[in-house]
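Work through the exercises below with the sequence and the 3D view open. Try each task before reading its solution.

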Amino acid sequence: MNKYKLVEKAKKGDKKAFAQLIEEEKVKIYRTAFLYTKNKDDSLDIVQDSIYKALVSIKNLKEPNYFSSWLMRIVINSSLDFIKKKKKVIPLDLEILDDIRLREFKSDYKLDLFDAIDGLKDRYRTIIILKYYQDKTLKQIAEILDLPEGTVKSNLHRALQKLRSLIGEDCVNE
């Protein structure tokens, strides 16, 4: 059965169709959650929360062809919410916080890419994860994040520049 028909059945309350859709997406949603948390248990909590949110709100999905993008947006938002709840830190000024992070990263010579990605703003981190870990095109990323493609492209460029400055090398490819 094709994905469109499965989504239509799931929207009408068919739990087996929904489970089949999730089965097809489970590796991607776990990988995405893990890239945000770097922790197996936290990632599984995010996946569970995301699946529940998707199950409850699938009837509101307007275009069945965008199920994967819709689900990925739920996972990303759940991951960001989880991180915010876990940190419970309220920065006084985001620019000052970014400067502090930049100085911290430059002082650490054993920085790896995951740590550098964690140092990015949420919007940049999300674009990097979708582009390089989920192999999404700029058009797909724009669709998932509900942003213009040009905005995604410029944010990707800024994210790569920031990664270069954090790592201090020219090892980040576009």
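The exercises that follow concern a predicted model, and each has a worked solution.

**Exercise 1. The overall make-up**

Task: State how many helices and strands the chain has, and what percentage of its residues is buried.

Solution.
- Step 1. The chain has nine helices and zero strands. Read from the N terminus, the order of elements is α-α-α-α-α-α-α-α-α.
- Step 2. Of the 174 residues in the chain, 38% are buried.
- Step 3. Among contacts with a separation of 6 or more, 61% join residues 24 or more positions apart.

**Exercise 2. The span of a helix**

Task: Check whether the span of helix α7 agrees or disagrees with its number of residues, then find what covers its buried residues.

Solution.
- Step 1. Helix α7 covers residues 122-133, which is 12 residues.
- Step 2. The expected span is 1.5 Å times one less than the number of residues, so α7 should span 16 Å.
- Step 3. The end C-alpha atoms of α7 are 15 Å apart, which agrees.
- Step 4. The buried residues of α7 are Y124, R125, T126, I127, I128, I129 and L130. Their cover includes α2, α4, α6, α8 and α9.
- Step 5. One further detail concerns R123 and Y124: the charged end of R123 sits over the ring of Y124, 4.8 Å from the ring centre.

**Exercise 3. An aromatic pair**

Task: Describe how the rings of F67 and W70 are arranged.

Solution.
- Step 1. A pair of aromatic rings is described by the distance of the centres and the angle of the planes.
- Step 2. The structure holds two aromatic pairs. In the pair formed by F67 and W70, the centres are 5.8 Å apart and the planes make an angle of 40°.
- Step 3. Planes under 30 degrees apart count as stacked and those over 60 as edge-to-face, with the rest tilted. The pair of F67 and W70 is therefore tilted.
- Step 4. Both residues belong to helix α4 and are three residues apart, about one turn of the helix. An α-helix has 3.6 residues a turn, so residues three or four places apart point the same way.
- Step 5. F67 has a relative accessible area of 0% and is buried. W70 is buried too, with a relative accessible area of 17%.

**Exercise 4. The nonpolar core**

Task: Find which residues of the largest nonpolar core touch the most other members, and which helix gives the largest share.

Solution.
- Step 1. In soluble globular proteins, nonpolar side chains tend to be buried together.
- Step 2. The largest nonpolar core has 44 residues, and those touching the most other members are F67, W70, L71, I76, L120, I128 and L163.
- Step 3. Elements giving two or more residues to this core are α1, α2, α3, α4, α6, α7, α8 and α9. The largest share, nine residues, comes from α4.
- Step 4. Take I128 as a case: leaving aside neighbours within four places in sequence, I128 is in contact with I117, L120, Y133, L156, A159, L160 and L163.

**Exercise 5. Three buried polar or charged side chains**

Task: List the contacts of Q134, S69 and E25, setting aside neighbours within four places in sequence.

Solution.
- Step 1. Q134 lies in the loop between α7 and α8. With 8% relative accessibility, Q134 is buried.
- Step 2. The contacts of Q134 are K28, R31, T32, M72 and I129. The C-alpha atoms of Q134 and R31 are 8.4 Å apart, although 103 residues separate them in sequence.
- Step 3. The side chain of Q134 makes a polar contact of 2.5 Å with the side chain of T32, and reaches the backbone oxygen of K28 at 3.3 Å.
- Step 4. S69, in helix α4, is buried at 11% relative accessibility. S69 touches E143 and I144, and its side chain makes a polar contact of 2.7 Å with that of E143.
- Step 5. E25, in helix α2, is buried at 2% relative accessibility. E25 touches K3, F67, S68 and L71.

**Exercise 6. Positive phi**

Task: For K38 and D135, give the value of phi and say whether each residue is buried, partly exposed or exposed.

Solution.
- Step 1. Most residues other than glycine have a negative phi.
- Step 2. K38 is not a glycine, yet has a positive phi of about 60°. K38 lies in the loop between α2 and α3 and is partly exposed, at 27% relative accessibility.
- Step 3. D135, also not a glycine, has a positive phi of about 55°. D135 comes just after α7 and is exposed, with a relative accessible area of 63%.

Notes:
Residues are numbered from 1 along each chain as its sequence is written. This is a predicted model: local features need pLDDT of at least 70, side-chain atom pairs count only at pLDDT 80 or more; totals for chains, interfaces and linings use all residues. Side-chain values use heavy atoms; hydrogens and water are left out. Helices (H or I, at least four residues) and strands (E, at least two) are DSSP runs, numbered from the N terminus. Buried means under 20% relative accessible area, exposed over 50%, partly exposed in between (1.4 Å probe, protein chains only). Contact means heavy atoms within 4.5 Å. A polar contact is a pair of N or O atoms within 3.5 Å; within protein, one must be able to donate a hydrogen and the other to accept it, and residues adjacent in sequence count only if both atoms are side-chain atoms. Rings of Phe, Tyr and Trp (its six-membered ring) pair if their centres lie within 6.5 Å; planes under 30 degrees apart count as stacked, over 60 as edge-to-face and the rest as tilted. A charge sits over a ring if NZ of Lys or CZ of Arg is within 6 Å of the ring centre and within 35 degrees of the ring normal. A nonpolar core is a set of buried Ala, Val, Leu, Ile, Met, Phe, Trp, Tyr and Cys residues joined through side-chain atoms within 4.5 Å.
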